[in-house]
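Trainee: I would like to learn how to read a helix and its surroundings, one feature at a time. Could we take an example and go through it slowly?

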Amino acid sequence: MGKKIFSGVQPTGNLHLGNYLGAIKNFVKLSNDKNNQCIFCVVDLHAITVFQDPKDLRNNICETVATFVASG
């Protein structure tokens, strides 16, 4: 039996190698297992617990989503 997996990434800046190796690479591996039910998201409201320039936050959200899509 597979797993139910829910995880998110804060859009607080450009994603880097650590994000890829620590999270996104594993997200792809988990989602490729047909037994798993995966939901991965961008936790944009969680990012506003500290001040964020709205324009920068919007750009970071778009970049984070694009990285998720590009990663598979």
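Trainee: Is Leu17 buried or exposed, and why?

Mentor: Please keep in mind that this is a predicted model. A residue counts as exposed when its relative accessible area is over 50%, and because Leu17 has a relative accessible area of 59%, Leu17 is exposed.

Trainee: Where does Leu17 lie, and which residues form a nonpolar patch with Leu17 on the surface?

Mentor: Leu17 lies in helix H1, which covers residues 17-32. On the surface, Leu17 forms a nonpolar patch with Tyr20 and Leu21, and together these residues have about 310 Å² of accessible area. As a general idea, an α-helix has 3.6 residues a turn, so residues three or four places apart point the same way.

Trainee: Which residues of H1 are buried, and what covers them?

Mentor: The buried residues of H1 are Ala23, Ile24 and Phe27, and their cover includes strand S1 (4-9), strand S2 (37-42) and helix H2 (54-71).

Trainee: How far does H1 reach, and where is its kink centred?

Mentor: From its first C-alpha to its last, H1 reaches 21 Å with its 16 residues, which is close to the 22 Å expected at 1.5 Å a residue. H1 nevertheless has a kink of about 35°, centred on Ala23, and Ala23 is also one of the buried residues of this helix.

Trainee: Turning to helix H2, why does Thr64 count as buried?

Mentor: The cut-off for buried is under 20% relative accessible area, and Thr64, which is found in helix H2, counts as buried because its relative accessibility is 0%. Leaving out residues up to four places away in sequence, Thr64 touches Val9, Pro11, Leu15 and Val42.

How values were computed:
Residues numbered from 1 in each chain as written. Predicted model: local features only at pLDDT ≥ 70, side-chain atom pairs only at ≥ 80, totals over all residues. Heavy atoms only, no water. Patch = residues over 30% accessible without salt bridge, like charges linked within 9 Å, V, L, I, M, F, W, Y side chains within 5 Å. Areas by Shrake-Rupley, 256 points an atom, 1.4 Å probe, with all protein chains shown as cover. Salt bridge = Lys/Arg side-chain N within 4 Å of Asp/Glu carboxyl O. Helix = DSSP H or I, 4+ residues; strand = E, 2+ residues; numbered from the N terminus. Buried < 20%, exposed > 50% of the residue type's maximum accessible area, 1.4 Å probe, protein only. Expected span 1.5 Å × (residues − 1). Bend = angle between axes of the 7 residues up to and from the residue. Contact = heavy atoms within 4.5 Å.
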